[in-house]
2 protein chains.
Amino acid sequence: MTERPIPPSATLESALYAEDLLAAETFYSEIIGLSVILRQPGRHVFFRAGQSVLLIFNAAATTQPPTIGQTLAVPPHGSEGRGHYCFSIPAADIDRWCDHLQNKGIAIESDIHWPNGARSIYVRDPAGNSVEFADPALWSQGRY
Amino acid sequence: MTERPIPPSATLESALYAEDLLAAETFYSEIIGLSVILRQPGRHVFFRAGQSVLLIFNAAATTQPPTIGQTLAVPPHGSEGRGHYCFSIPAADIDRWCDHLQNKGIAIESDIHWPNGARSIYVRDPAGNSVEFADPALWSQGRY
């Protein structure tokens, strides 16, 4: 009988999928300003988002099972369709993000003022994923 | 001319998809130990993971566009296939997680010792998503 370990207290990696990794890199690195920490052309590009990492994969590559005997046998994954991811952004910066994204030709698809007072804006990355920028008060304990 | 705002310094939300939200809830809440912070039967169940939130959506619901005039017009998203997500887990707890998950009948699909010394284990959630538990040293600055 083992006890359950202490539950995880943080997200380390979040994943989205994109066929065009170069377009994804331009979006997340040049427009949003994240640092690229690793890239494997045709397979993935990874970005730092504070203490966690945003992984963008080409599902055509990652749905392939590892070959027998492969040293780093990462299990296959990969999806089709539009994923979702949300950056934590100070509330005071949201207007600035709206301006910046629109100046780069990126439409604000939705701008939501939640019942708890927090605000979110939503755009699409080049692959069509729904990317949100939200005040972390959205999920402050006891406010939702 | 606006300057780019300060880049995001944290992930607020990560998303995975599951048709069977009850099975997802049992897995993430009872087996992994996350707190449920919101649920809408048939559409989603959300869990706290420290400062960020893990969102599990039923894509059949979230791929529907919002109706005209809907107050909280969340843009549609939703994918098919197997996503990926990784919890940050202290290195010292990884053996304990292996034991706990296996005791619950969950197979460890892969157990990787990375070249930088960090370790990851991988399991499947009930929807088939690839869920990793990793030592955050995996992505420590300058180690990858």
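In strand 8 of chain A, His113(A) finds its bridge partner in Arg119(A). That pair is a good place to enter this predicted model, and we can work outward from there. Strand 7 of chain A is joined to strand 8 (residues 119-124) of chain A by four bridges, and the two run antiparallel. Helix 3 of chain A packs on the sheet here, touching strand 8 and strand 9 of chain A, and its direction makes about 15 degrees with that of strand 8 of chain A.

Now let's step back to see the sheet these strands belong to. It is an open sheet of eight strands with mixed pairing, and its order is 7(A)-8(A)-9(A)-6(A)-1(B)-4(B)-3(B)-2(B). If you read that order from left to right, you pass from strands of chain A to strands of chain B. At the edges stand strand 7 of chain A and strand 2 (35-40) of chain B, each of which pairs on one side only. On average, neighbouring strands of this sheet are turned by 20 degrees against each other, direction ignored.

The place where the chains join within this sheet deserves a look. Strand 6 of chain A and strand 1 (residues 11-17) of chain B are linked by three bridges and run antiparallel. Here Tyr85(A) stands opposite Ser14(B) of strand 1 of chain B.

There is another sheet that mixes the chains. This open sheet has eight strands in the order 2(A)-3(A)-4(A)-1(A)-6(B)-9(B)-8(B)-7(B), again with mixed pairing. Strand 2 of chain A and strand 7 (110-113) of chain B have a single partner strand each, so one side of each is left without a neighbour in the sheet. Its neighbouring strands are turned against each other by 20 degrees on average, direction ignored.

Strand 1 of chain A is a useful guide through this sheet. With strand 4 of chain A it pairs in the parallel sense over five bridges, and Ala15(A) stands opposite Leu55(A) in strand 4 of chain A. Three bridges also tie strand 1 of chain A to strand 6 (residues 84-88) of chain B, this time antiparallel; Thr11(A) stands opposite Phe87(B) there. Seven of the seven residues of strand 1 of chain A are buried, so this strand is largely enclosed by the rest of the structure.

Follow the sheet to its chain B end, and you meet strand 7 of chain B joined to strand 8 (residues 119-124) of chain B by four antiparallel bridges. Asp111(B) stands opposite Ile121(B) in strand 8 of chain B. Helix 3 (residues 94-103) of chain B packs on the sheet and touches strand 8 and strand 9 (130-134) of chain B, with its direction at about 15 degrees to that of strand 8 of chain B. Toward the chain A end, helix 1 (residues 21-31) of chain A lies across strand 2, strand 3 (44-49) and strand 4 of chain A, running at about 10 degrees to strand 3 of chain A.

How are the two chains related? Chain A can be laid on chain B by a turn of 180 degrees and a shift of 0.0 Å along the axis, with an RMSD of 0.0 Å. The two copies are thus related as by a two-fold rotation axis. They also meet through the same surface, because 100% of the interface residues of chain A are also interface residues in chain B.

That contact takes 59 residues from chain A and 59 residues from chain B. Among the elements of chain A that give two or more residues to the side touching chain B are strand 1 (11-17), strand 6 (84-88) and helix 3 (94-103). By class, this side of chain A has 31 nonpolar, 19 polar and nine charged residues.

What lies inside? In soluble globular proteins, nonpolar side chains tend to be buried together. The largest nonpolar core here has 71 residues, of which Leu54(A), Ile56(A), Leu54(B) and Ile56(B) touch the most other members. Leaving out residues up to four places away in sequence, Leu54(B) touches Thr11(A), as well as Ser14(B), Tyr28(B), Leu34(B), Phe47(B), Ala49(B) and Tyr85(B).

For contrast, turn to Ile6(B), in the segment before strand 1 of chain B. Ile6(B) counts as exposed because it has 12 C-beta neighbours inside 10 Å.

Terms used:
Residues are numbered from 1 along each chain as its sequence is written. Chains are lettered from A and ligands numbered from 1 in the order in which they are written. This is a predicted model: local features need pLDDT of at least 70, side-chain atom pairs count only at pLDDT 80 or more; totals for chains, interfaces and linings use all residues. Two residues are in contact if their C-beta atoms, placed from the backbone, lie within 7 Å. Ala, Val, Leu, Ile, Met, Phe, Trp, Tyr, Cys and Pro count as nonpolar, Asp, Glu, Lys and Arg as charged, and the others, Gly among them, as polar. Two strands pair if DSSP finds at least two bridges between them. Axes are lines fitted to C-alpha atoms, for helices over the stretch in contact, and angles run from 0 to 180 degrees between N-to-C directions. Copies are superposed by least squares on the C-alpha atoms of residues with pLDDT of at least 70 in both. A nonpolar core is a set of buried Ala, Val, Leu, Ile, Met, Phe, Trp, Tyr and Cys residues joined through C-beta atoms within 7 Å. A residue is buried if 20 or more other C-beta atoms lie within 10 Å of its own, exposed if 12 or fewer, and partly exposed in between; C-beta atoms are placed from the backbone.
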